[in-house]
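Here are a few short exercises to work through with the model open on your screen. Try each task before you read its solution.

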Amino acid sequence: MGSAPSMLTQYDIEEVQEHCNNLFTQQEIVCLYQRFCQLDRNAKGFISADEFLSVPEFALNPLSQRLLKMVDGLNFKEFVAFLSAFSAKASIHHKIEFIFKLYDSDGNGRVTFNDVLGVLHDLTGAFMSDGQRQEVLVQVLEEAGYTRESYLLLDDFIKDIEVELLAKELLELTRYVIEVDF
């Protein structure tokens, strides 16, 4: 797994598999390595932002610039760790932690009003004005018990999202029970 593309050894595969908490099978790791080598056009042993942008789905993603900050310069092991958040086997905690990093634009371990506003801007583009985005965000924060000056740490972020997911699941369960009874 040095700088030049080579075949993965069984040891390399097992090391990567352990690094990503066994979220990928050995065969999936081999496939990811082949894709990594395709993206690493200059065989440097890492993928640059420009190489990531060669993937059309990545380039078209409204959050691509934020994602680029997370992926620029990843070696293969880091590439697999990055992708592990997208695995069907990844825990909800792992996925939420990934989302937190995506929102935390300056990497200071806090998600602020401006961080969330930036994500909203990326997602809505010209469909909403800055004023509309701010108005919506202030309302959502107030409903959740936060102010414009508040910030979320990872634990807060996880707790708030898990509570929201649980509430949605309970609502769906309630709807199901009501539909079955009638």
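**Exercise 1: The largest pocket**

In this predicted model, find which elements line the largest pocket, and which of them gives the most.

Solution. Begin with the elements that each supply at least two residues of the lining: α7, β1 (111–112), α8 (113–124), α9 (130–143), β2 (151–152) and α10 (154–181). Of these, α10 gives the most, with 7 residues. Next, look at the pocket itself, which has a volume of about 680 Å³. It is lined by 25 residues, and Val140, Leu141, Leu152, Phe157 and Ile161 are the closest to its centre. Finally, sort the lining by class: 19 residues are nonpolar, 3 polar and 3 charged.

**Exercise 2: The two sides of α1**

Work out where the buried residues of α1 lie around the helix axis.

Solution. First pick out the buried residues, which are Asp12, Ile13, Val16 and Gln17. Seen down the axis of α1, they fall within an arc of 130°, so they line one face of the helix. Then turn to the face pointing away from this buried side, where Tyr11 and Glu18 are exposed. Last, ask what covers the buried residues of α1: the cover includes α2 and α6.

**Exercise 3: Helix α6**

Identify the buried residues of α6 and what covers them.

Solution. In α6 (residues 76–84), Phe76, Phe79, Val80, Phe82 and Ser84 are buried. Their cover includes α1, α2, α3, α5 and α7. Now check the start of α6: a side-chain oxygen of Asn75 comes within 3.1 Å of the backbone nitrogen of Lys77.

Notes. Residues numbered from 1 in each chain as written. Predicted model: local features only at pLDDT ≥ 70, side-chain atom pairs only at ≥ 80, totals over all residues. Heavy atoms only, no water. Buried < 20%, exposed > 50% of the residue type's maximum accessible area, 1.4 Å probe, protein only. Helix = DSSP H or I, 4+ residues; strand = E, 2+ residues; numbered from the N terminus. Contact = heavy atoms within 4.5 Å. Polar contact = N/O pair within 3.5 Å; in protein donor to acceptor, adjacent residues only side chain to side chain. Arc of directions from axis to C-beta. 1 Å grid on protein atoms, 1.4 Å probe; cavity = no way out; pocket = protein on both sides within 12 Å on 5 of 7 lines; lining within 4 Å. Points joined across faces, edges and corners; volume = space filled by probe spheres on them. Nonpolar A, V, L, I, M, F, W, Y, C, P; charged D, E, K, R; others polar.
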